[in-house]
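Here is a brief report on one protein chain. Keep the sequence and the 3D view open while reading.

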Amino acid sequence: HIPVHLGAMQSAVKFQVEYWNSEGREGIKEGDVFVSNHPQLAGGSHLPDITVITPVFHEGEILFFVASRGHHSDIGGISPGSMPPHS
């Protein structure tokens, strides 16, 4: 699981940075925390992998991001385990 979880982590952070800094959005502000599990758009591997991303600021500028990913066995899909074969 480590290559899947860590390998997709930078894609998840990159998507959130680009999305929230795109035209028409407010940008990333101090105090923001992003939670995502979207597998196609946001760098996740499947719905049970939930990623939390927090920007770290210093003097009003983002220095880096802290991200963690947790795998949840069931998040309320149409069948137990949230991974039905016909989805």
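## Overall picture

The protein chain exposes about 6000 Å². Carbon and sulfur atoms supply 57% of that area. The model is predicted. The chain has 87 residues, and buried residues make up 26% of them.

Two helices and three strands form the secondary structure of the protein chain. Along the sequence, the pattern runs α-α-β-β-β. Now take the contacts between residues at least 6 apart in sequence: 38% of them join residues at least 24 apart.

## Helix 2 and its two sides

Helix 2 covers residues 9-20. Its twelve residues should span 16 Å at 1.5 Å a residue. The end C-alpha atoms of helix 2 are 17 Å apart, which agrees.

Which residues of helix 2 are buried? They are M9, A12, V13 and Q16. These four cover an arc of only 95 degrees around the axis, so they sit on the same side of helix 2. Q10 and K14 are on the other side of helix 2, and both are exposed.

## The nonpolar core

Nonpolar side chains in soluble globular proteins tend to be buried together. In this model, the largest nonpolar core has six residues. They are A12, V13, I28, F34, I53 and F57. Two elements give two or more residues each to this core: helix 2 and strand 2 (49-58).

A12 and V13 also appear among the buried residues of helix 2. F34 is another member of the core. Leaving out residues up to four places away in sequence, F34 touches Q16, W20, I28, T51, V52, I53 and P55. Of these contacts, I28 and I53 are fellow core members. Q16 is one of the buried residues of helix 2.

## Aromatic rings

A pair of aromatic rings is described by the distance of the centres and the angle of the planes. How many aromatic pairs does the structure hold? It holds three. One of them joins F15 and Y19. This pair is stacked, at 5.7 Å centre to centre, with 20 degrees between the planes. The angle falls under 30 degrees, so the pair counts as stacked.

F15 and Y19 both lie in helix 2, four residues apart, or about one turn of the helix. F15 is partly exposed, with a relative accessible area of 25%. Y19 is partly exposed as well, at 30% relative accessibility. Y19 also pairs with W20, this time edge-to-face. Their ring centres are 5.0 Å apart, with 85 degrees between the planes. That angle is over 60 degrees, which means the pair counts as edge-to-face.

W20 has a relative accessible area of 30%, so W20 counts as partly exposed. Ring pairs link F15, Y19, W20 and F34 into a cluster. F34 therefore has two roles here: F34 belongs to the ring cluster and to the largest nonpolar core, whose residues are by definition buried.

## H72, after strand 3

H72 is found in the segment after strand 3 (61-71). Is H72 buried, exposed or partly exposed? At 40% relative accessibility, H72 counts as partly exposed.

Which residues does H72 touch, not counting those up to four places away in sequence? They are P48 and I50. H72 and I50 are 22 residues apart along the chain. Their C-alpha atoms are separated by 7.5 Å.

Technical notes. Residues are numbered from 1 along each chain as its sequence is written. This is a predicted model: local features need pLDDT of at least 70, side-chain atom pairs count only at pLDDT 80 or more; totals for chains, interfaces and linings use all residues. Side-chain values use heavy atoms; hydrogens and water are left out. Rings of Phe, Tyr and Trp (its six-membered ring) pair if their centres lie within 6.5 Å; planes under 30 degrees apart count as stacked, over 60 as edge-to-face and the rest as tilted. Buried means under 20% relative accessible area, exposed over 50%, partly exposed in between (1.4 Å probe, protein chains only). A nonpolar core is a set of buried Ala, Val, Leu, Ile, Met, Phe, Trp, Tyr and Cys residues joined through side-chain atoms within 4.5 Å. Contact means heavy atoms within 4.5 Å. Accessible areas come from the Shrake-Rupley method with a 1.4 Å probe; for residues, only the protein chains shown count as cover. The expected span of a helix is 1.5 Å times one less than its number of residues. The arc is that of the directions from the helix axis to the C-beta atoms.
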